[in-house]
Amino acid sequence: MRSTAERHEYLNTRLVPRRTLVTAGAVAGGLLTGCSASGTPARTAAVRTSVTAAAGSSSDKAPGGAVAPFGRHLAFGADPRTSMRISWQVPAPVDRPFVRLGARPDGLGERIGAEVRALHTPGVAGERPAVEQYYLHVALDDLLPGTTYHYGVGHDGYDPADPEHRAGLASFRTAPARPERFTFTAFGDQGVGGAAAANDSLLLDCRPAFHLHAGDLCYADGSGQGRTSDAYDPTAWDPFFRQNEPVARGVPWMVTTGNHDMEAWYSPDGYGGHLARFSLPGTGFDPRTAPGVYAFTYGNVGVVALDANDVSYEIPANLGYAQGRQTAWLDRTLKGLREADGVDFVVVFFHHCAYSTSAHASDGGVRAEWVPLFARYTVDLVVNGHNHVYERTDALRDGAVGRVVPVGGSTDPRRDGTVYVTAGGGGRDLYGFPADAPESYEGHEREGDAIGTFHWTRGGRSAPETVTWSRVRYRGFSLLSVEAEPGPAPRLTVSALASDGGRVDHFEVRRGV
């Protein structure tokens with residue numbers, strides 16, 4: 001099997017004519033722009049952007065008024081209290097794209113220039129034509145903590161401040177200056193469709209401060225195996241962003257990379273498309289090549305995003321591409337979070353499961369590389385996708401049950417170990433569980449069963465194992481909702497919600513004095 005890097009070289013030299021690809025790395029120049037005092041908070045936002053011209057000459061461009069932006073999505077910068085990234089898409093090249101920002105929807109400030117990341121996908125003879133996509137980004141820094149900002153996106157000929165476009169305005173709120181109670185949500189394996197859209201509606205009902213997407217975003221790469229034969233449709237990203245815009249335009253949409261997000265058309269490790277579409281905090285070991293690896297702190301919770309393609313034994317297309325740098329960065333990052341004042345909890349999310357009994361089961365590479373670090377730094381909660389179910393473990397220490405955590409139970413990671421949650425019911429077709437592992441969830445609990453399952457070993461082989469750590473299993477579309485509470489006895493209240501809003505699991509993670 002070719003690696004993703006080998007597949008990239010094959011696709012771009014053998015299957016299609018060689019040409020320069022314009023991606024997130026192909027940017028030039030720098031622009032420092034500020035909002036005007038009119039219509040903005042008293043403190044001006046300093047904006048760092050870099051700009052490239054979209055492909056095509058001015059004569060190729062449609063009139064600006066005929067090109068409507070779509071697919072707005074937010075992400076935090078390095079500090080959620082003071083920074084935000086606004087991203088969107090246009091269906092054709094435009095002149096001078098921008099954001100307007102203000103304290104009120106009727107008081108937007110001056111234009112803040114946007115960075116254009118024009119993404120070219122070569123055509124394949126007899127299969128599909130070449131595709132041009134245009135993604136735009138603005139980085140806002142030096143914002144005020146705990147403040148609601150209104151914004152609109154536009155370009156020459158399309159101004160969000162004009163009355164006919166005011167319906168397209170949106171808003172976001174920066175993190176508070178000091179920890180307060182808040183909620184965040186999470187799922188993986190979303191795709192596009194009715195179930196995915198229903199989960200988005202449920203997500204909005206939770207009023208989260210941010211959302212974690214644990215990989216396998218839109219399934220433009222349908223196979224996700226890193227093979228040259230993988231079918232790929234770049235236009236699948238357009239309905240994905242349209243579908244999620246009602247949520248992601250106001251809720252920071254913090255994503256990481258799954259196996260279906262390796263797209264070798266754009267870069268040797270498959271992440272050039274990811275770099276074009278998303279602007280993420282960029283604090284990982286190498287944000288230029290691994291955009292799904294970063295960390296941020298919101299209130300009393302430190303959040304770490306990882307790229308499990310780097311350590312997966314099951315799907316080895318990118319196995320070892322980071323050459324140990326991601327794991328070393330993880331070690332430093334967890335250590336720093338545990339030493340940071342005001343950080344009570346550490347939550348880690350990535351795609352491949354450390355512990356699951358569903359179709360893909362558990363990845364031994366994740367266990368070998370990262371689980372020892374989770375134990376060393378008493379990580380409070382690990383969230384995965386990959387298996388299209390909801391499954392939750394007891395608290396685990398050294399791969400065994402440190403404490404049984406029933407529905408409604410409580411655990412302290414310093415004493416008991418870490419709870420692992422598979423939240424893969426984001427919208428894609430669902431999986432099941434082994435025959436000896438029937439569903440067990442809130443209101444339908446079963447006594448703990450010994451379950452026959454397996455884990456992946458190096459070389460893509462599976463090794464059988466019998467486990468007792470699978471505490472909750474639900475085969476249905478769902479999302480995770482986590483409420484963080486600071487104070488002298490901080491806690492995380494973790495709930496799993498079915499697509500109809502009914503609760504299928506809940507438990508508490510406590511760190512008492």
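Student: How do the residues lining the largest cavity divide into nonpolar, polar and charged?
Tutor: There are no nonpolar ones, 3 polar and 5 charged (Gly counts as polar, Pro as nonpolar). This is a predicted model, with local features needing pLDDT of at least 70, side-chain atom pairs 80 or more, and totals for chains, interfaces and linings using all residues. Numbering runs from 1 along each chain as its sequence is written, and side-chain values use heavy atoms, without hydrogens or water.

Student: OK, which residues line that largest cavity?
Tutor: Ser440, Arg446, Glu447, Gly448, Asp449, Ser470, Arg471 and Arg473. A cavity is a set of 1 Å grid points where a 1.4 Å probe fits but can't get out, and lining means an atom within 4 Å of a point.

Student: And how much space is in the largest cavity?
Tutor: About 30 Å³, counted as space filled by probe spheres set on the points. Searching the whole structure turns up 1 cavity of 30 Å³ or more.

Student: Switching to pockets: how much space lies in the second largest one?
Tutor: About 520 Å³. A pocket is an open set of points with protein on both sides within 12 Å along at least five of seven lines.

Student: Which residues sit closest to the centre of that second largest pocket?
Tutor: Arg173, Arg207, Pro208, Ala209 and Tyr298, out of 19 that line the second largest pocket. Two elements, β10 (170-173) and β11 (182-187), give two or more residues to its lining (strands are DSSP E runs of at least two residues). β10 gives the most, with 3 residues.

Student: What's the class make-up of the second largest pocket's lining?
Tutor: That lining has 9 nonpolar, 6 polar and 4 charged residues.

Student: New topic: which residues touch the most other members of the largest nonpolar core?
Tutor: Phe172, Phe210 and Trp237, in a core of 93 residues. A core joins buried Ala, Val, Leu, Ile, Met, Phe, Trp, Tyr and Cys through side-chain atoms within 4.5 Å. Apart from it there's another core of 40 residues, including Tyr271 and Tyr420.

Student: Last one, Thr411: buried or exposed?
Tutor: Thr411 counts as buried because its relative accessible area is 1% (buried is under 20%, exposed over 50%, partly exposed in between, with a 1.4 Å probe on protein chains only). Thr411 lies in strand β22 (residues 410-411).

Student: What does the Thr411 side chain pair with in a polar contact?
Tutor: The Asp416 side chain, at 2.9 Å; a polar contact is a donor-acceptor pair of N or O atoms within 3.5 Å.

Notes: Helix = DSSP H or I, 4+ residues; strand = E, 2+ residues; numbered from the N terminus.
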